[in-house]
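Work through the following exercises with the sequence and the structure at hand, and compare each step with the solution given below it.

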There are 2 protein chains.
Amino acid sequence: MRKNGLSRLIDVAVAAGVSRSTASNVFSAPDRVRPELRERVEAAARALGYLGPDPRAKLLRAGKVNAIGVIPPAELGVADTLRNPVFAKFLLGVGEACDMRGASLLVIPDGPAHHGTRSALVDGLIFGRIEHLGMVRPAQLRRLPFAVVDFDAGPEIGTVKVDSRLGSCEAARHLIALGHRRFAIVSFLRSAGPARVYPPSRHRSPEVAGMFIDQEKLRGYADAFSEAGLDIAEVPIVQANPWDIAAAPIVLDAAPEATAILSMSVMQALAVVKEARRRGIAVPSQLSVVGYNDIAEAAQSEPPLTTIDARGVDKGRLAAEMVFAGGPPRQEILVPRLVIRQSTAPPPRR
Amino acid sequence: MRKNGLSRLIDVAVAAGVSRSTASNVFSAPDRVRPELRERVEAAARALGYLGPDPRAKLLRAGKVNAIGVIPPAELGVADTLRNPVFAKFLLGVGEACDMRGASLLVIPDGPAHHGTRSALVDGLIFGRIEHLGMVRPAQLRRLPFAVVDFDAGPEIGTVKVDSRLGSCEAARHLIALGHRRFAIVSFLRSAGPARVYPPSRHRSPEVAGMFIDQEKLRGYADAFSEAGLDIAEVPIVQANPWDIAAAPIVLDAAPEATAILSMSVMQALAVVKEARRRGIAVPSQLSVVGYNDIAEAAQSEPPLTTIDARGVDKGRLAAEMVFAGGPPRQEILVPRLVIRQSTAPPPRR
DNA sequence: ACAAAATTTTGGATCGATCCAAGAAATCAT
DNA sequence: ATGATTTCTTGGATCGATCCAAAATTTTGT
């Protein structure tokens, strides 16, 4: 017994009259110990209340923790991460991969100085956002397997991406195929603040052009428009914080003549549907709405929302499998899928 | 530089021409080292690509990991845990507490032999269910601070509980106060399988009496009924797996004359509302429904669901704070709150 | 019964740092 | 310049296990 009251492997060994190594073997390789001796050691362990090797010490030698770490987008804490339904789906995928190997999942809020990356006790890391590019090198140097998600970090680094340009293109194509010609787009506003409206003709202003991920999606919309001989420059764009559902009325006001709304976020799309119904605009017969990302609420909305399944779960699973598997870095690109529900229909006749 | 390519503190020390201790101090107590020397060490570290003390070794001495572990109900893996909205709320609360201390959150799927409990690298543990009672002793012996949630483990052990008897009593009181007299109860079926109906008079059968948590809630309903001079024995009970929303039709069929449904799960309550509307039964004017547990879907349902807020977030936060704070074991009992929305109204006149 | 082979057990070294008491160097007082 | 302080730096011990090669023991073959 020690001063701190906990007994160690060596205490057990002494009590059982064997060497440390033998005692160690009883716990980690029982077959190597003669049954008789093994029982003696086990009895001693029981008597001392010894619970098996201390995971910390074990770790020091073995180096394996049996856990994977996920570092959420920079500004998010643990709670925010869990609260965000889109990110939660991703986490779910990571969780699935963990379950396959019986590993644990660590959510690491990234404090200042990337303390999390440097000190987390994990076998590998998954970086969730662009802001983490600076942490890639530290992780590399720590020789920790890791993968990045949703951004390009070069061929040296395992990556899982979703082709969001294609995804939003599909969304727009779907509406165009239904016959829509008058649209409005709900885009992202990264900086905090109220929604902003960009009427047609103001698209080339730097605020619109300068966004990052959203830019991909905007290109996707533009692809579909030009395929159909339409010009995206004639479509009004509303930028809103993806979670600021109070922006829905602004969207509807900004494009009263639109028959279809393309939203880069699900939450906005759901909010627009709700607001439209509140105003007595029938969805989908008078107004069609397509979102981006498929979450539970989308299926349960009234009417259920047509949206893009951005493969969040698969993304998480693949990233985690990459980390677990080790091996040379791979680049995976997932293809988003259009999920057609009841928020889209041909435009009303005039 | 080592064979494995990673440099250690000692390599840095040698390169800088100082002792290990001094090098160590540069990273953990910079003020103790003369600026000139410190810079020399830092330069050496940079040159060798040394990233600071290895968290694993640090841990062996210090014992702190800056992470808290949550062990979900036995049969759930990591993914199931995140998928379950009720448990996810609890996790959210734990996450909030983590954010306050900048700690990480580890979700530990509990494999066979409680391997997780024994080997998880955390500063403390939270046990999420009755099945974990057997793991309490191991944790105690490991001298790990821990808390249990939702079940009584004796005065020696920190506990956060929610008074579910009171919660369900409130639910029933609410309906009774609105004037309802004919009810049906949706209870839990722990074993897998299809829903079962227990008409009045069969309440005392062992399947009904033998359930655990649900028993508390049933008592709560009974409390409210007897306050109003009603007898719960006259109320039909449907037992269904809490997630088996296919059971909703069975509920409505089992009690066609009921004007109000008391459900022990939110999901069932939401399913019942949906099914009722599908059948053309107006909610709440013809049928009132009260759930138990408040999740996002409940507020977004059509109509929004009246339900019991079982304080999931607070429960998680308190449990985590207990673990972080250490100190003598406390027993917290949270009081559930009735959240009145639009799924309840006075019964229809006949 | 004795050597050879197979199985068990053992002690020393190691994983990568931190702590602490003691030694060395620099600063100050007289 | 000498001793007394104060500030830095150092090596040895430690955290709690595992690994490995060598020693001890048991089993097998003839």
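**Exercise 1.** Determine how chain B can be laid on chain A, and state what relation between the two copies follows.

*Solution.* Begin with the general case: two copies of a chain are related by a rotation about an axis and a shift along it. In this predicted model, a turn of 180° together with a shift of 0.2 Å along the axis lays chain B on chain A with an RMSD of 0.3 Å. The two copies are therefore related as by a two-fold rotation axis. In chain B, the C-alpha nearest this axis belongs to Leu106(B), at 2.1 Å from it. Turn finally to the contact between the copies: 100% of the interface residues of chain B are also interface residues in chain A, so the copies meet through the same surface.

**Exercise 2.** Identify the residues that gather in a patch of positive charge on the surface, and assign the patch to its elements.

*Solution.* The patch of positive charge on the surface is formed by Lys274(A) and Arg277(A) together with Lys274(B) and Arg277(B). The elements that contribute two or more residues to this positive patch are helix H13 (266-278) of chain A and helix H13 (266-278) of chain B.

**Exercise 3.** Describe the salt bridge of Arg278(A), and explain how its two residues are spaced along the helix.

*Solution.* The partner of Arg278(A) in the salt bridge is Glu275(A), and the closest N and O atoms are 3.1 Å apart, which satisfies the cut-off of 4 Å. Because Arg278(A) and Glu275(A) are 3 residues apart in helix H13 of chain A, about one helical turn separates them. Over all chains, the count comes to 36 salt bridges.

**Exercise 4.** Locate the cis peptide bonds at Pro284(A) and Pro284(B), and the positive phi of Asn66(A).

*Solution.* As background, most residues other than glycine have a negative phi, and most peptide bonds are trans. In chain A, the bond joining Val283(A) and Pro284(A) is cis, with omega about 10°, and Pro284(A) is placed in the loop between H13 and strand E10 (288-290). In chain B, the peptide bond from Val283(B) to Pro284(B) is cis, with omega near 10°, and Pro284(B) lies in the loop between H13 and strand E10 (288-290) of that chain. Asn66(A), although not a glycine, has a positive phi of about 65°; this residue is found in the loop between helix H4 (55-62) and strand E1 (67-71) of chain A.

Note on methods: Residues are numbered from 1 along each chain as its sequence is written. Chains are lettered from A and ligands numbered from 1 in the order in which they are written. This is a predicted model: local features need pLDDT of at least 70, side-chain atom pairs count only at pLDDT 80 or more; totals for chains, interfaces and linings use all residues. Side-chain values use heavy atoms; hydrogens and water are left out. Copies are superposed by least squares on the C-alpha atoms of residues with pLDDT of at least 70 in both. Contact means heavy atoms within 4.5 Å. Patches are made of residues with over 30% relative accessible area and no salt bridge: like charges are joined within 9 Å, nonpolar side chains (Val, Leu, Ile, Met, Phe, Trp, Tyr) within 5 Å. Accessible areas come from the Shrake-Rupley method with a 1.4 Å probe; for residues, only the protein chains shown count as cover. A salt bridge is a side-chain nitrogen of Lys or Arg within 4 Å of a carboxyl oxygen of Asp or Glu. Lys and Arg count as positive and Asp and Glu as negative; His and the chain ends are not counted. The place of a charge is taken as NZ of Lys, CZ of Arg, CG of Asp or CD of Glu. Helices (H or I, at least four residues) and strands (E, at least two) are DSSP runs, numbered from the N terminus.
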